[in-house]
Amino acid sequence: MQGKRQSGLLSNKMDVNQAKQEHLLALKVMRLTKPTLFTNMPVTCEDRDLPGDLFSRLMREDPSTIKGAETLMLGEMLTLPQNFGNIFLGETFSSYISVHNDSNQVVKDILVKADLQTSSQRLNLSASNSAVSELKPECCIDDVIHHEVKEIGTHILVCAVSYTTQSGDKLYFRKFFKFQVLKPLDVKTKFYNAESDLSSVTDEVFLEAQIQNITTSPMFMEKVSLEPSMMYNVSELNTVTSGKESESTFGKMSYLQPMDTRQYLYCLKPKPEFAEKAGVIKGVTVIGKLDIVWKTNLGERGRLQTSQLQRMAPGYGDVRLSLEYIPDTVNLEEPFDITCKITNCSERTMDLLLEMCNTRSVHWCGVSGRQLGKLCPSASLSIPLKLLSSVQGLQSISGLRLTDTFLKRTYEYDDIAQVCVVCPYLSPES
């Protein structure tokens, strides 16, 4: 029990029939937790007030205060827990079980079992399932059990004791200890599907994880990582690189105060063997799972691992149109070039026809209604196009239509991208 002390008896219930019978053995169950730092309430006044330096002298003589810093609430002493306290999901529940022989006779074949009943399962926590041959008067059997809590809600610790008296009677009793497991963190996730053909990397997925401390005490966030699924590689975007050193965006002290929230960002990229398979990546919804490790109070560790995070698969349909090249800024009424990439995401061959429809501000240059030819499943085709804008400002590129001549089906693509249109004849001063 290094660094841990008993925090009081658990509230318990006995079987009705057993409560009426006097047993030779007594069972005590206590939770083991670490102590807390002692805090006091300093009382001060000015020297010209009636008490004078009385309060200051009393605080200097108080053994719980820090010498030279008596007005601080935090002291140097430790306080033993006075109650059961809270148990949070992801923490380790530790309990001390003691069976004491209160009688004046020797008891034989003592068997102590400890089970934990949750809403979904029953777990055996006993370190040993073998019986103790005998227990002399005023002697006891001690055991310490540990369990990493993985479910929230009501938990019941069932402790059962069986033994044999000197007269050969076999007796049995059990006690139930009920406690609640609370949720320590509130985790929310958001997914952003990136069309990143401009960087020669397809189907990037950005994950934003919002983690809120919903306990009443601060947490030290030891680790927050994302374990990706088999199709993705992950890179964390929670550090800032300055020269050769990387510093966390949250600073050197990674503390999360009660009810505070942090946002973690991750970028997932398909592995090379899956990157070119548009149809495969399109249907992937499982991204990975978050692994969160924290510490509280005097270093008590907790760990949570989320279930597999799932995103809504991007709806590319049968044909996906993306941009490989587009300028950031173009001149008013001057033609500029873009490069489109067309990918067949269906399982059949397509015969495609390209049409270009002008909008109020953007006008296409070239022949509309030209044949692009046949496109096999998962194959791609790059097409250079030319257009111009007749209106200044941030303009949206729209009006592309692809028609599959086999099925007579038309796919419309609007708001493909945006481009900034400036007038080259106006000086910056004007």
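In the predicted model, glutamine 395 stands opposite valine 419 of strand E35. This pair of residues belongs to the contact between E35 and strand E32, which spans residues 393-397. The two strands run antiparallel and are joined by 5 bridges.

Strand E35, residues 417-422, is also paired with strand E26, residues 329-331. Here the strands run parallel, and 3 bridges join them. Within this pairing, threonine 329 is placed opposite cysteine 420 of E35.

The two faces of E35 differ in their cover. Ala417, Val419 and Val421 make up the covered face, whereas Gln418, Cys420 and Val422 lie on the uncovered one. Val419, the residue opposite glutamine 395, is thus assigned to the covered face, and Cys420, the residue opposite threonine 329, to the uncovered face.

Aromatic contacts were searched for across the whole structure, and 3 aromatic pairs were found. One of these is formed by phenylalanine 250 and tyrosine 264, with a centre-to-centre distance of 4.8 Å. The planes of the two rings are 55 degrees apart, and the pair is classed as tilted. The pair links distant parts of the chain, its members being 14 residues apart. Phenylalanine 250 lies in the loop between strand E19 (245-248) and strand E20 (255-256), while tyrosine 264 is part of strand E21 (residues 261-270).

The two partners were also examined for accessibility. Tyrosine 264 counts as buried because its relative accessibility is 6%, under the 20% cut-off. Phenylalanine 250 has a relative accessible area of 24% and is therefore partly exposed.

Technical notes. Residues numbered from 1 in each chain as written. Predicted model: local features only at pLDDT ≥ 70, side-chain atom pairs only at ≥ 80, totals over all residues. Heavy atoms only, no water. Buried < 20%, exposed > 50% of the residue type's maximum accessible area, 1.4 Å probe, protein only. Helix = DSSP H or I, 4+ residues; strand = E, 2+ residues; numbered from the N terminus. Pairing = 2+ DSSP bridges. Phe/Tyr/Trp six-rings, centres within 6.5 Å; stacked < 30°, edge-to-face > 60°.
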